[in-house]
Each structure stands twice: as structure tokens, then as C-alpha cells.
Amino acid sequence: MSAQRGCSVSDLVCVVVLVLLADSARGQSFSWNAASGALMVEPIADFYSCSLEEDMTVYPDEGACRAMCQAGSCVQQFDRVQLVDKMEAMETKMVDPGLRVHETLEIAVEASMVQVSFEPGLPIGMTAEADGADKLTLSWTPQVGQQGYLHEVVLVSGAAGSETMLKIQVPVLPEATHWVSPAEGASLEATVGLPAHVTFACVSNYAIEVTLGPLPPGMAVRMAPPQRTITDGAASPSAPVSGVLDFTAGHGQEGRSWDVCFACQSTVLRAPQHRCVHVSVALCRYSTQPGDSLLSLTRAFHHSNNWRRLWNANAGLVADPERVLAHGTVLAVGPRYTVQAGDSLASVAGRFDTTVRNLLAMNPFIADEQLVMAGAELCVTACTSKPNPSLDERYSY
């Protein structure tokens with residue numbers, strides 16, 4: 001007879017797992033000497049359990065049970081009420097560090113007339129193979145649906161009336177996946193021409209993968225090589241998945257924004273944890289590229305030769321339209337204007353001595369010029385009292 005035995009809230013028995021990260025249990029073997037009661041297994045860190053069953057009530061309700069478990073006061077009470085009455089002086093061992101779904105555990109037992117107790121039987125999927133009367137091998141690979149439970153098997157050694165019993169508890173760990181970075185609600189404001197980066201990292205007690213949704217133009221992902229972390233001499237159970245999201249905004253993306261979302265999930269249990277970053281591109285800002293000058297940028301952004309507009313918006317620049325600007329200099333392409341009630345693109349263009357076409361080019365996020373609402377911010381061309389250099393033959397059209 002096989003039965004899945006475990007402790008969960010739904011069974012009115014609460015189990016709190018405080019430490020989930022541990023090395024793989026794959027392929028471990030243990031031996032039990034019935035005479036000495038020795039089984040080479042150390043208990044997993046901080047498992048608590050307590051009973052709420054009606055015939056052995058210890059705590060008045062689930063909340064009180066959890067409170068006592070978290071205070072570390074319920075394990076002995078649970079053992080005294082449930083175990084001593086049924087199986088006197090039975091030793092209990094817990095497999096450390098527990099199993100993950102699809103990991104395999106083998107326990108080699110050598111004891112006189114050893115066998116598996118009928119109650120509680122074997123967890124679903126566990127096999128017991130006998131090699132004579134005094135050797136038994138338990139083998140088990142938990143499957144999806146068995147995680148989050150504390151599974152039990154009881155071994156009996158010796159003749160009737162003088163049996164020695166050992167209960168082995170095998171926790172199958174639930175998935176514990178979380179994002180290290182980016183932080184919840186993270187945002188990134190990029191400047192045209194200036195590389196920007198967002199780092200991401202996800203960790204779990206299971207092997208994991210990270211997937212991303214659609215990326216805007218200019219955005220790419222660099223994955224870091226997998227590397228298991230070492231804490232107190234023990235390696236983490238699986239390598240964190242991490243990398244960098246690189247974004248260099250281009251001209252034509254000013255004022256646009258996107259929510260770039262990641263999904264991190266185990267390759268076994270498939271319970272994705274999502275994290276999103278709000279990415280936007282600043283208006284009226286540009287990071288210079290090699291060869292840029294006031295004149296070349298004025299022609300690119302303002303569609304004119306009046307380089308004094310751009311010079312006027314950036315204090316400290318040398319008044320030389322053909323001088324090559326230092327690479328990576330962040331310039332204000334123009335001032336920002338807050339749309340007022342009654343404004344239209346035509347009226348704003350007239351106020352700043354430019355055209356609707358030029359306003360649309362400097363504000364590519366505008367999908368419909370008729371839908372520009374009061375309170376919206378626009379990038380406009382800077383004003384200057386100097387004459388248009390197009391009248392000077394050096395900068396003629």
C-alpha cells in the first residue's frame with residue numbers, strides 16, 4: 001500500500017520551512033544500524049510542525065499554531081502527542097537538505113529483518129528493494145505536486161515483540177524564487193545617444209530561467225555566465241540567472257516610454273515571478289557622438305542653420321558652429337514647454353518661431369497633433385535675437 005503522507009495547512013498541520021537553500025541531495029546514501037539507532041542524516045534547518053487534529057488538540061486555532069511554531073515551541077509537543085502514544089521511543093531522522101522535484105534520493109539500510117512499516121507506508125513513487133532479510137534500499141524521485149510536503153516512511157527491524165523503529169522524514173522543498181534586482185517599481189530614464197543599463201538577477205532553490213517580453217529598438221540583453229554562490233563554505237543549490245539590459249535611445253524615441261518585463265521561473269515547477277522596469281526617453285536631451293558640432297546638430301534637430309538656438313540653450317559652449325563637441329556631452333536640444341489650455345501645435349510653433357513639422361520632429365511621441373492635451377510637455381526650439389545665419393554665405397542653405 002502506498003500513500004502520500006505530508007503536513008500542510010490544508011491537513012490542519014502547519015509546517016514552516018525557514019531555510020530553503022541547500023546543496024543538492026541527488027544520489028546521497030545513508031546507513032542505519034538498528035542496534036545503535038544511528039542513521040547518518042542531519043536535520044534540515046528549522047522545520048516546525050504542530051497538530052490541530054481534534055483528538056489531539058494542542059493549540060486552539062491555526063494562528064496560535066503558527067505563532068508557537070515560529071517561536072520554536074511546537075516540535076516536542078507534536079512528537080509527544082502524536083508519536084509516543086502510537087510508537088514508543090521511535091527515533092526520528094530528517095533527510096538533510098531535503099529533495100527538490102525530480103531529484104533522486106537513495107537510502108541504504110542494513111538491519112536485522114528490516115522492512116517498511118505498513119503505516120504510513122511509502123510515499124507515492126518511492127520503492128523499497130530488499131536484498132535478503134537484512135538489507136533494504138529505498139529509492140525516490142519526487143514529482144510535481146509533491147513539493148511543500150514532509151513525507152515519511154517508517155522502518156521496522158527485529159523480531160515481533162522486540163522491534164526497533166525508525167521514522168525517516170523527507171521534505172520536498174517548494175520553489176522559493178525571487179528577484180534580487182531590479183527593485184520593484186524600478187524605472188530608467190535614457191538620453192538619446194547615451195548608453196543606459198539595467199542589471200537583473202533572479203535566484204531560486206531550483207534551476208531557473210529568465211525570459212523577457214518584446215524589447216524596443218536600441219535595447220539588447222547581455223546574459224552573465226552562470227556561477228553558483230558560496231555562503232559559509234556551501235554552494236547555492238542552483239546558479240542565479242543574471243545579466244544586463246543595455247539601451248541606447250535613438251533620435252525619434254524622445255518622450256516615448258515602455259514597460260519592459262522579465263519572468264523568472266524554475267525549469268521544473270513553472271511558477272513565474274514577474275518584474276518590470278519602466279523605461280522612458282528624456283525630452284530635449286541629447287548625448288553628442290563623435291564628429292557632432294553645433295551646426296550639424298542644429299540641422300539634425302531644428303532643420304535650420306540657426307546654430308545660435310542650440311548654443312543659446314547650453315551655457316558654457318564655445319560660440320563656434322563648426323567646432324567638434326566632446327563625445328558624450330549631454331546637450332539641451334531646446335527648452336521644455338508645458339501646454340496651456342487653448343494651445344495648439346500651430347500656436348506653440350508661432351510662439352517659438354518654428355513650424356508644426358519641426359515640433360512633431362522634436363516630439364516624436366505625438367501620435368496625433370489634434371490630441372495634445374493641456375499639461376503635456378513639449379520640446380521646443382530655443383529663441384535667439386541674433387539673425388539667421390542662413391543669410392551669411394558661410395552657412396547658406
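This report describes strand pairing, nonpolar cores, disulfides and salt bridges in a predicted model.

**Strand E11 and its neighbours**

Strand E11 spans residues 164-172, and seven of its nine residues are buried, which leaves the strand mostly covered. Two strands are described here as its partners. Strand E5, residues 91-94, pairs with E11 in the parallel sense over four bridges. Within this pairing, Glu91 has Leu166 of E11 as its bridge partner. Strand E10, residues 149-157, runs antiparallel to E11 and is joined to it by nine bridges. Here His151 is matched with Val170 of E11. E10 and E11 form a hairpin with six residues between them, and Gly158 in the turn has a positive phi of about 105°.

The hairpin strands are also linked through side chains. Glu152 and Lys167 meet in a salt bridge, with an N to O distance of 3.8 Å. Glu152 belongs to strand E10 and Lys167 to strand E11, and the two are 15 residues apart. Both Glu152 and Lys167 are buried.

**Nonpolar cores**

In soluble globular proteins, nonpolar side chains tend to be buried together. The largest nonpolar core in this model has 36 residues, and those with the most contacts inside it are Trp179, Val210, Phe247, Phe262, Val279 and Leu297. Two or more residues come from each of strands E13 (187-192), E14 (196-203), E15 (208-212), E19, E20 (257-266) and E21 (273-287), and from helix H3 (294-302). The most is given by E21, with six residues.

Phe262 illustrates the surroundings of one core residue. Leaving aside residues up to four places away in sequence, Phe262 touches Trp179, Phe200, Val210, Thr211, Leu212, Leu245, Gln273, His274, Arg275 and Val277. A second, separate core has 21 residues, among them Val95, Leu122, Leu155 and Val172. Of these, Val172 falls in the residue range of E11, 164-172, and Leu155 in that of E10, 149-157.

**Disulfides**

A search of the whole structure finds three disulfides. Their geometry is listed below.

| Disulfide | S to S distance | Torsion about the S-S bond | Hand |
|---|---|---|---|
| Cys202 and Cys264 | 2.0 Å | about -90° | left-handed |
| Cys261 and Cys276 | 2.0 Å | about 105° | right-handed |
| Cys284 and Cys379 | 2.0 Å | 135° | right-handed |

The disulfide between Cys202 and Cys264 links distant parts of the chain: Cys202 is in strand E14 and Cys264 in strand E20, 62 residues apart. Cys202 has a relative accessible area of 0% and is buried. Cys264 is likewise buried, at 0%.

Strand E20 also holds Cys261, which is joined to Cys276 in strand E21 across 15 residues of sequence. Cys261 is partly exposed, with a relative accessible area of 29%. Cys276 is partly exposed as well, at 31%.

A further disulfide joins Cys284 to Cys379. Cys284 lies in strand E21 and Cys379 in strand E24 (residues 377-379), so this link ties together parts that are 95 residues apart in sequence. Cys284 is buried, with a relative accessible area of 2%, and Cys379 is buried at 2%.

**Further salt bridges**

Eight salt bridges are found in a search of the whole structure. Besides the pair in the hairpin, two are described here.

Arg222 and Asp246 meet through their side chains at an N to O distance of 2.4 Å. Arg222 is in strand E16 (residues 219-223) and Asp246 in strand E19 (residues 241-247), so the salt bridge ties together parts 24 residues apart in sequence. Arg222 is partly exposed, with a relative accessible area of 47%, whereas Asp246 is buried at 17%.

Arg309 forms a salt bridge with Asp353, and their closest N and O atoms are 3.2 Å apart. Arg309 is part of helix H4 (residues 308-312), while Asp353 sits in the loop between helix H5 (345-351) and helix H6 (356-362), so the pair ties together parts that are 44 residues apart in sequence. Arg309 counts as buried at 10% relative accessibility. Asp353 is exposed, with a relative accessible area of 58%.

Conventions. Residues are numbered from 1 along each chain as its sequence is written. This is a predicted model: local features need pLDDT of at least 70, side-chain atom pairs count only at pLDDT 80 or more; totals for chains, interfaces and linings use all residues. Side-chain values use heavy atoms; hydrogens and water are left out. Buried means under 20% relative accessible area, exposed over 50%, partly exposed in between (1.4 Å probe, protein chains only). Two strands pair if DSSP finds at least two bridges between them. A salt bridge is a side-chain nitrogen of Lys or Arg within 4 Å of a carboxyl oxygen of Asp or Glu. A nonpolar core is a set of buried Ala, Val, Leu, Ile, Met, Phe, Trp, Tyr and Cys residues joined through side-chain atoms within 4.5 Å. Contact means heavy atoms within 4.5 Å. A disulfide is a pair of cysteine sulfur atoms within 2.5 Å.
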